[in-house]
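Reader: I am new to this structure and should be grateful for a close look at a single part of it. Would you please take the salt bridges as the subject and explain where their partners lie?

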Amino acid sequence: MENNINNYEKLTSVQNDQIKLLNKLALKKYRYKLERFTVENLTIIYDALKSGYDFEALFITQDLIKNYKAKVQYLRAHSQCKNYYLIDEKLNKQYSLLDTPSGITAVYKIKTKKLTDGSVIILNSVSDPGNLGAIMRSALVFGFNNLVLDKTCADAYN
């Protein structure tokens with residue numbers, strides 16, 4: 001599918017239900033209640049899709065479509081998603097958790113899995129999201145199959 005902006009539903013209001021959803025997903029209680037989380041990074045969204053982790057909705061600015069045609073075209077061609085929304089920079093700033101919004105946001109379903117055979121890392125009271133991310137990346141590099149976070153840990157989707 002081409003990157004024609006006519007293939008996107010245009011959103012202009014902060015009162016739109018989809019934008020309200022993005023604002024809710026900024027809060028941990030709604031992420032777990034709705035079993036959804038957001039990602040605001042083209043490279044991560046692109047790599048996730050290449051790894052088989054598809055998004056449910058994509059919010060994107062016209063500038064990002066124009067500046068990253070090949071990656072956006074890949075997302076459109078390989079995702080099963082049917083919910084594509086065109087937003088402007090002002091609307092992106094309204095809901096974004098970033099100081100400088102990236103121009104793209106994907107919504108994903110939280111997937112939980114049962115423990116598999118293999119090594120397990122159990123984390124307790126890791127309160128800094130940055131430290132949690134570093135531990136998660138290290139666990140992946142060292143081949144740990146399971147990572148368990150107790151309720152005192154930082155939110156993995158923060």
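Author: The following account takes the salt bridges in turn and then turns briefly to the charged surface and the nonpolar core.

The model is a predicted one. A search of the whole structure finds 3 salt bridges. One of them joins the side chains of arginine 31 and aspartate 155, with an N to O distance of 2.4 Å. Arginine 31 belongs to helix H2, while aspartate 155 lies in the segment after strand S7 (146-149); with their positions 124 residues apart, the pair links distant parts of the chain. Are these partners buried or exposed? Arginine 31 is buried, because its relative accessible area is 4%, under the 20% limit for that class. Aspartate 155 is likewise buried, with a relative accessible area of 7%.

Another salt bridge is formed by the side chains of glutamate 35 and lysine 109, at 3.1 Å from N to O. Glutamate 35 is placed in the loop between H2 and S2, and lysine 109 in strand S5, so this contact ties together parts that are 74 residues apart in sequence. Glutamate 35 counts as partly exposed at 41% relative accessibility. Lysine 109 is also partly exposed, with a relative accessible area of 34%.

There is also a salt bridge between glutamate 56 and arginine 36, whose closest N and O atoms are 2.6 Å apart. Because glutamate 56 lies in the loop between H3 and S3 and arginine 36 in strand S2, the pair ties together parts that are 20 residues apart in sequence. Glutamate 56 is partly exposed at 28% relative accessibility, and arginine 36, at 21%, counts as partly exposed as well.

Helix H2 also takes part in a feature of the surface. Lys20, Lys24, Lys29 and Lys33 form a positive surface patch, to which helix H1 (17-24) and helix H2 (28-34) each give two or more residues. Lysine 24, found in helix H1, counts as partly exposed at 40% relative accessibility.

Some elements named above also supply the largest nonpolar core, which holds 22 residues. Within this core, Ile45, Phe55, Leu58, Leu75, Ile104 and Tyr108 touch the most other members. The elements giving two or more residues to the core include strand S2 (36-39), strand S3 (57-61) and strand S5 (104-109). Helix H3 provides the largest share, 5 residues. Strand S2, which holds arginine 36, and strand S5, which holds lysine 109, thus appear both in the salt bridges and among the contributors to the core.

Conventions. Residues are numbered from 1 along each chain as its sequence is written. This is a predicted model: local features need pLDDT of at least 70, side-chain atom pairs count only at pLDDT 80 or more; totals for chains, interfaces and linings use all residues. Side-chain values use heavy atoms; hydrogens and water are left out. Patches are made of residues with over 30% relative accessible area and no salt bridge: like charges are joined within 9 Å, nonpolar side chains (Val, Leu, Ile, Met, Phe, Trp, Tyr) within 5 Å. Accessible areas come from the Shrake-Rupley method with a 1.4 Å probe; for residues, only the protein chains shown count as cover. A salt bridge is a side-chain nitrogen of Lys or Arg within 4 Å of a carboxyl oxygen of Asp or Glu. Lys and Arg count as positive and Asp and Glu as negative; His and the chain ends are not counted. The place of a charge is taken as NZ of Lys, CZ of Arg, CG of Asp or CD of Glu. Helices (H or I, at least four residues) and strands (E, at least two) are DSSP runs, numbered from the N terminus. Buried means under 20% relative accessible area, exposed over 50%, partly exposed in between (1.4 Å probe, protein chains only). A nonpolar core is a set of buried Ala, Val, Leu, Ile, Met, Phe, Trp, Tyr and Cys residues joined through side-chain atoms within 4.5 Å.
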